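Biologist: Could you walk me through this chain, from its overall fold to the spaces inside?
Modeller: Gladly, let's look at it together.

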Amino acid sequence: MMRNNIVIAHSLYTPNIIGGAEISTQILAETMAKKYSVKVITVGSQNERKVSKELVNEVEVLRLHHANLYWLGDTDRSKSTLDKIRWRFNDIYNIRQYKVIKNILSEASPKILHTQNLPGLSLSIWRAAKELNIPIVHTLRDFSLLEPVPIKSYSHLYQKIARSLSRSVSKVIGISNDVLDKHLQRGYFPNAVPYIVPNVVEDKPENRDLYIKKEISHLNPLVIGYFGQLSTVKGIEYLIQAVQGLPSSIVGKLLIFGEGPEREHLEELSNEDKRIQFMGKLDRAGVSREMSRVDLTVVPSIWDEPFGRVIIESYQVGTNVLASNVGGIPEVLIEKDLNLFKPKESNSISQAILGYYHLPLDHKVEMKCKCYEHSRKFSTSSLFLEHENIYQDLIEISK
């Protein structure tokens, strides 16, 4: 029996991973490939103006040339403010990407185009699909359609075009109620049926082993972990200040895993405190391993995180999470009264750390179990069933 074709489109794709959106998109593609013939359209690093093709875990990945001033995934490149502005204006409706993508869609004849984050592919991808009568599903993984850059004139133009083109989308998925509601309230996706499908984690045997082997310490100095990009919106400086304000008998170490533009500044900020260590970026297996070794994961974000997949990744190995009360985070977190703190307030983070430290041992052990059980709600099987339901009537219509 011939399998239906699905095309998934996202700005970047493994091994080019900047944040959780890339991981979630890969999990989606590989999960749906169990039933559908899945192709991924993304933007690659190649210098030649051609489409490179490769097979990644049974998923055909088509990498387009960036067709702009630079490739979005080149995080080491120094970019001037002028270059960033020019890149963004080119990306609103990139006619080169439109032509290449329309040609790919025409040849592939997918039953559905499922778009994710669009920077690098441009809004023109929706126009290409509409002209070919291909139903569009869009997943909201961030707020780039609402606030692409902090330049009002550009954002106003981008929003106007995005709202107009979003009328072609048949179904829209939010990874949290927060991210979905904010787009619908601003007039996006007026013709789309809305859904909520949270991010998921893969149920790997090695992660279950990490959970089983995890030991819970009691009234020993805590080892705290931060996992993610080192950027301003992540609020890491408030976590550093919180740790600096606590004695070494409470916090023995703060291990910061990740890379980003704020690393040098954060290192300067924490230079006096030897407990604070910058560990660099890890692969996904390394992240799980280190998450299982820390006593707490802290997510100090100061922007409206659409979901915060680091939370369920930490839960999967039995490690509790303290996090900012922003965006979609409260929708994911367990024991909110204990584990939520106010954003941009180091004292609030300190109090949350102290609250966990002084919990009775049996409560901490119970918390480990709760974390793991909660993570099982965010499974690839549920992801598959939710998306199969979303896809099926569109596939029937397109026959």
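**Fold and cavities**

Modeller: Happily, the chain's secondary structure comes to 16 helices and 14 strands, counted as DSSP runs (H or I of at least four residues for helices, E of at least two for strands) numbered from the N terminus. This is a predicted model, where local features need pLDDT of at least 70, side-chain atom pairs count only at pLDDT 80 or more, and totals for chains, interfaces and linings use all residues. Residues are numbered from 1 along each chain as its sequence is written, and side-chain values use heavy atoms, leaving out hydrogens and water.

Biologist: What is the radius of gyration of the chain?
Modeller: The globule rule (2.2 Å times the number of residues to the power 0.38, with the radius taken over C-alpha atoms) gives 21 Å for 399 residues. The chain's value is close to that, so the chain is as compact as a globular protein of that length: 22 Å.

Biologist: What percentage of the residues is buried?
Modeller: Buried means under 20% relative accessible area, with a 1.4 Å probe and protein chains only. Of the 399 residues in the chain, the buried share is 55%.

Biologist: Which elements give two or more residues to the lining of the largest cavity?
Modeller: A cavity is a set of points on a 1 Å grid over the protein atoms alone where a 1.4 Å probe fits but cannot get out, and lining residues have an atom within 4 Å of a point. Residues lining the largest cavity include Ser 24, Leu 28, Leu 383 and His 387. The elements asked for are α1 (20–32) and α16 (380–398).

Notes. 1 Å grid on protein atoms, 1.4 Å probe; cavity = no way out; pocket = protein on both sides within 12 Å on 5 of 7 lines; lining within 4 Å. Buried < 20%, exposed > 50% of the residue type's maximum accessible area, 1.4 Å probe, protein only.
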